[in-house]
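Colleague: Please take a close look at one part of this model for me, starting from the bound molecules and going on to the place where the chains meet. I would like a connected account rather than a list.

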Amino acid sequence: MLGQLRATLRPRITNGLLKHALTYQFLANLGRFGYSNAGRRTQGIWLDFTAGQLKSAWQGESLVVWGNAFFPFELLYALDVTPHRPETMAALAAKFGLNREAIACAESDCYSPDVCSFYRCAVGLDMEGLLPRPDIIVATSCLCDGAGKVFHNLSRQYGCDFFLLDVPYHDTPDARRYLAGQLEELTLTIAKKQGKPFKIDRLIEALALSNEAREYLIKANALRKAVPCPLPGGDAISYVLDMQFFGPGSPAGARFFKTLYEELRGRVDKGRGAVLEEKYRLLWMHYIKPYYPNDIFNYLESKGASVCFGEANHVYWEPMDPGRPFESLAAKMLSNPSVGPLERRAGLALKLAETYRVDGVINFSHWGCRQSSGGEYVIRDVMQKKGIPVLILDGDGADSRNYSKEQTRLRLEAFLEMLEAKR
Amino acid sequence: MERFKEILEDRHEYARAWKKRTGGKVLGYYEPYMPEEIVYAAGILPVRLLSQHEPDDTTDRQMYGNCACSRDLLNQFIKGRYDYVDGLVNAEGCQWMLNAFQTTLNFKTALFNHYVFVPDYVDGKTSKDVMRSELEVFKKALEKWTGKAITGSALDHAIEVYNTNRRLMRQVYELRRADSPVVLGSEAMEMVLASQVMDKAEMNDMLRDAIAKLAERKPRSDTGVRLMLVGSPTSDVELEKLVESLGANVVIDEICTGSCYFWNEVIPQPDRLMAISLRYLGRPHCALKDNNWRRRPAHIYQLYEDFQAHGVIIAKQIYCHPHGTDNPLIWKVLRERNIPFHYFERDTTLPYEETRLRMEAFINMLKPELVLK
Ligand code: SF4
Ligand code: SF4
């Protein structure tokens, strides 16, 4: 009886709290003061940043613009709108166990299970009323086909404007011009909707902050070459990556990466690593990892295996030129190694494996990932030719129904044994 | 009519014979946005790579989670079915096909290959210029490969041949509007599919002949419920035949290997590459390219009305994400207009009994519509 009551009330209370700006005010304060005082400054900045954005989105403080991970958020900060990140919400829903219900909701509304689970989850959260109402939705055509269509469906739901940034395949001068033109058009469209003139100085400022974040991220990445590696691999592909996607261009983004660098510097100086005794160094291929409770990283670390780097954290773009803001943002987007011919990504994988002196590579094969699934065997062949073992680890980033603890552990165990035998 | 079926079924043989006869090159392509006119003007035979029903026992170590259509093409390459193909082109479509293209090139390293970027934002202000510049690059690549310039008159000729083909196919489809059509859905689909693997000039002669013969046919009295087919591309006519065996007829389709392939023409203009760009950007959008404005639902509705269908079958390939993410809006629009539809997921092969049961139930449900319309 009590159990039943709890089961009925808990989602209602949770859902109620998640729609309330005060909840996010509380979380932001927790990030700002609680985490920082507990010596977890980077996590604190992330929490403050994320919760702060959610608070202003729920309060509708300014235009709410939804965007996907590969959208240049620098633009949104320059426009002083409130960005909202449905993919982050999907990952958080997975972390806190809200994913299953959300995914089931989306599947009941014609989203077939072969649509990426992050999008199914985001659609479901929206159906449950857990995402703040958008005024505009923007999406990029990269890295995968999913974002544009799903985001557009959502925009139809709300009757709000939608804009797709079409990212060409080849990085050529024509492609840069095409993309820069779209960025400019979009900026003016949003400014018009806001009813205020667009200030180029604000964009210049945002690019400077983005460049600053980039500098510190490069420095932080360099520290990950240290043995033992100072940053846990799981952290690198969660809040650090989230900040890498959505932080650049904001003061919090710059502060975050500076703090990250300082924290890692401190750990390297003290010889402290994510793994006590680092026996194997691994490279993680894919932009994501499973965000629901799972024991992949804990297990690896317990066996002395450190995921010392991931392709997602690599800084592939040049510093942006504030004098040519739209062209610079276009260049940043087009220089992503996952856009364009597969050789770019395979080449990067090899370069990172050498730079970070890894013993092996885990290629996380997110179920049905448009961007990575088809190419992973090509990448494996390239690596194996150089004698670098690769494990293609099947799984799912947001849909915990596709995770089997035992099976995953078995595969990791076999892989580590193989690395051991290779020594 | 039989000849279209034969060519479709023996498409590899057809291409080999063409090569032998002409000494020309064959270019395989993956997606419907490939500007065939330029290839044809270069004296090359463009052949759309179509999946077939051979067990896939090869691609497991190459691809993961992809749709069967894309895996099947890789399977065919591994097994040497396309050994006559001299080059591969992928005009930007879905990522699964891109995977098939990239993975094939990983071991077919000697093939000529090219990637044509096609804007996803097809209605963008500068999209046509971008597309045109892509076509220019593509044209140069073909010229380099063949060692021959593609002249303006060769392009004019190719445009004319392709436009004629489109007009003739439209004539065949127009016959399907009739209350008692003289052509069955399966026959019409066989023609469109065959035209994608044939030399268009030869196809045009065959089509003229076929249209003359169709004019002599008596209208059929057994075509019953009129259906529209929407969804992922197909490479066979099994579904149409199944429906016909149940006393119904697919009178119109909106799929990229069907009507969308030939629906609009190149409108000639002095800048030939621009004319071709505009044709491809202006074709009925495939699910993947139907982005900012979402014209597809309206086009589907228009066809449904024009061909007086009683209901719509939406057939999605399993793991087809362009259609998987496009469908919610299609559903919404059909529901808003009270259009009966049946949605199901299929593989390159059709699970026959299960599909028959579904179709039977749907067709029975639509029978009252026959009286009402
Ligand atoms: S995980 Fe893959 S399929 Fe999902 S959004 Fe990212 S790139 Fe797309
Ligand atoms: S069936 Fe769908 S996913 Fe597969 S290749 Fe065709 S469009 Fe792409």
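Modeller: A residue is counted as near a molecule if one of its heavy atoms lies within 4 Å of it. The model is a predicted one, and with that cut-off in mind we can begin at ligand 1, whose surroundings are made up of Cys116(A), Tyr119(A), Cys144(A), His286(A), Ile288(A), His366(A), Cys369(A), Arg370(A) and Gln371(A). By class, this shell consists of 5 nonpolar, 3 polar and 1 charged residues.

The surroundings of ligand 2 are drawn from Cys67(B), Cys69(B), Cys94(B), Trp96(B), Met97(B), Pro233(B), Gln317(B), Cys320(B) and Pro322(B), and here the division is 8 nonpolar and 1 polar, with no charged residue.

As for the chain that supplies the shell of ligand 1, chain A is built with 18 helices and 8 strands, and its C-alpha trace spans about 65 × 65 × 45 Å along the principal axes. A compact globule of 423 residues would have a radius of gyration near 22 Å, so the 21 Å of chain A agrees with that expectation.

Turning to the place where the chains meet, 49 residues of chain B are in contact with 45 residues of chain A. The size of an interface is often given as the accessible area lost when the parts come together. Here chain B and chain A bury about 3,900 Å² between them, with 54% of it on carbon and sulfur atoms. On the chain B side, the residues that lose the most area to chain A are Tyr64(B), Gln95(B) and Thr325(B), which together account for 19% of what that side buries.

Charged pairing across this interface amounts to 2 salt bridges by the rule applied, one of which can be described as the pairing of Asp114(A) with Lys316(B), where the closest N and O atoms are 2.9 Å apart. In addition, the rule finds 17 residue pairs in polar contact across the interface, with both residues at pLDDT 80 or more. In terms of secondary structure, the side of chain B that touches chain A receives at least two residues from each of helix 5 (95-107), helix 6 (127-146), helix 14 (321-336) and strand 8 (341-346) of chain B. Helix 14 of chain B gives the largest share of that side, 9 residues. Taken by class, the side of chain B that touches chain A comprises 21 nonpolar, 18 polar and 10 charged residues.

How values were computed: Residues are numbered from 1 along each chain as its sequence is written. Chains are lettered from A and ligands numbered from 1 in the order in which they are written. This is a predicted model: local features need pLDDT of at least 70, side-chain atom pairs count only at pLDDT 80 or more; totals for chains, interfaces and linings use all residues. Side-chain values use heavy atoms; hydrogens and water are left out. Ala, Val, Leu, Ile, Met, Phe, Trp, Tyr, Cys and Pro count as nonpolar, Asp, Glu, Lys and Arg as charged, and the others, Gly among them, as polar. Contact means heavy atoms within 4.5 Å. Buried area is the accessible area (1.4 Å probe) that two parts lose on being put together, summed over both. A salt bridge is a side-chain nitrogen of Lys or Arg within 4 Å of a carboxyl oxygen of Asp or Glu. A polar contact is a pair of N or O atoms within 3.5 Å; within protein, one must be able to donate a hydrogen and the other to accept it, and residues adjacent in sequence count only if both atoms are side-chain atoms. Helices (H or I, at least four residues) and strands (E, at least two) are DSSP runs, numbered from the N terminus. The radius of gyration is taken over C-alpha atoms; the globule rule is 2.2 Å times the number of residues to the power 0.38.
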